[in-house]
Amino acid sequence: PDLVIISQGNNVSSGHVMEICLANNLPYITITQLVAEVHLLYLNENNRMHLIKLYNSALKNFFVSKANILLHEFMFAYTSVNNEIIFNPLVVNQACILPYRSPVDLYHFAFVGRIEFFHKGIDLLLKVAAMEKWKERPVQFNLYGNGPHATILKANVDLLGLKNVALKGEVNDITEIWGANHIFILPSRMEGQSLSLIEAMHCNRTVVVTDVGGASELIENNVSGFIAAFATVYSLDDAMERAWTQRDNWENMGKVAGKRARSLMPYDAVNFIVDKITSFL
């Protein structure tokens, strides 16, 4: 091959593929979707130095957020000149300006993502939703998606008696979600750059997110969205409480979020990386 493209879920998962490329003098680039502190558990001094060699031998290493690049370099304790940001692609129309659902008698929070508890922090959201103050408020948490913990999710919703949580399953049309919901919520413990966050912002919806991955690169806290400092019940509740006090301003904040998303990233992320790739050929 003229070029090998190694697309990996995290930054420690594909060393064996890089080794094959290096041993056979095959030029390669990497695309990493996620860097997280939990992967420090994998590292020791031997594999750290080996991985540094493999990453430095790549023509380019692409990451989906600046935060992921900084964490990657911190994990390996090295400085690189061949790391670069790319952008996740959108599946919504560039002109997707959905009307805000009003008048509001019930406020709809939407979680959109893979139903996996540890990664997406769904357990944190359920614990906040179970607080008496959130049960008493005119709020519904709509959870969209599927995944390995879908059965556990339903069991916990039933166990906790959460009448304010609705399990919506998978929905193919993103605009259907954002035509029905007022605000996006993503309590993740780790992210690269969330696709569902980008989609929500492009649909002019404000957000509540944890400070992981590239979230704070897109969101201005308390201006275009609300950032929880940590992926904990306390921090998530704090961010949600700040959002609740600003509920009459969610529509305007969503417009700010949409404008910011469109200004910070190219709409055509596919051609953006295609241009990068073909420059190596």
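This passage walks through the salt bridges, the parallel sheet, one helix and a few individual loop residues of a predicted model.

The electrostatic contacts make a convenient starting point. The structure contains 12 salt bridges. In one of them, R189 pairs with D123, and their closest N and O atoms lie 2.7 Å apart. This contact ties together distant parts of the chain, since the two residues are 66 residues apart: R189 sits in the loop between strand 8 (183-186) and helix 9 (195-202), while D123 belongs to helix 5 (residues 122-129). The two partners fall into separate accessibility classes. R189 has a relative accessibility of 24% and therefore counts as partly exposed, whereas D123, with a relative accessible area of 17%, is buried. The cut-off that divides them is 20%, under which a residue is called buried.

A second bridge joins E241 to K133, with 2.8 Å between the closest N and O atoms. Here too distant parts of the chain are linked, with E241 in helix 11 (residues 233-245) and K133 in helix 6 (residues 132-136), 108 residues apart. E241 is partly exposed at a relative accessible area of 22%, and K133 is partly exposed at 29%.

A local example is found in helix 7 (residues 150-160). The side chains of K154 and D158 meet there in a salt bridge with an N to O distance of 3.1 Å. Because K154 and D158 are 4 residues apart in this helix, about one helical turn separates them. K154 is partly exposed, with 47% relative accessibility. Beyond single pairs, salt bridges with shared partners connect K133, R137, D237 and E241 into one network.

Turning to the strands, an open sheet of 6 strands is present, ordered 7-6-5-8-9-10 and paired in parallel. Strand 7 (165-169) and strand 10 (225-228) form its edges; each has a single partner strand, so one side of each lacks a neighbour in the sheet. On average, neighbouring strands of this sheet are turned by 20° against each other, direction ignored. In general, strands of a sheet pair through backbone hydrogen bonds, in either a parallel or an antiparallel arrangement. At the strand 7 edge, strand 6 (residues 139-144) runs parallel to strand 7 and is joined to it by 4 bridges. Y144 stands opposite G169 of strand 7.

Helix 2 (residues 45-57) offers a neat check on geometry. With 13 residues at 1.5 Å a residue, a span of 18 Å is expected, and the end C-alpha atoms are 19 Å apart, which agrees. The buried residues of this helix are N47, R48, L51, I52, L54 and Y55. They cover an arc of only 165° around the axis, so they lie on the same side of helix 2. What covers these buried residues includes strand 1 (4-8), helix 1 (15-23), strand 2 (28-32), strand 3 (60-63) and helix 3 (66-76).

Several residues outside the helices and strands also deserve a look. N204 is located in the loop between helix 9 and strand 9 (206-210). Its relative accessibility is 8%, so N204 counts as buried despite this loop position. Leaving aside residues up to four places away in sequence, N204 touches I97, G254, K255, G258 and R262.

Backbone torsions bring two further loop residues into view. Most residues other than glycine have a negative phi. N25, in the loop between helix 1 and strand 2, has a phi near 55°, a positive value in a residue other than glycine. A77, in the loop between helix 3 and strand 4 (83-85), likewise has a positive phi near 55°. N25 is exposed at 70% relative accessibility, and A77 is exposed with a relative accessible area of 59%.

Finally, P1 lies in the segment before strand 1 and is exposed, with a relative accessible area of 71%. P1 and I198 are 197 residues apart in sequence, and their C-alpha atoms are 34 Å apart in space.

Definitions and conventions:
Residues numbered from 1 in each chain as written. Predicted model: local features only at pLDDT ≥ 70, side-chain atom pairs only at ≥ 80, totals over all residues. Heavy atoms only, no water. Salt bridge = Lys/Arg side-chain N within 4 Å of Asp/Glu carboxyl O. Buried < 20%, exposed > 50% of the residue type's maximum accessible area, 1.4 Å probe, protein only. Pairing = 2+ DSSP bridges. Axes fitted to C-alpha atoms, helices over the stretch in contact; angles between N-to-C directions. Expected span 1.5 Å × (residues − 1). Arc of directions from axis to C-beta. Contact = heavy atoms within 4.5 Å.
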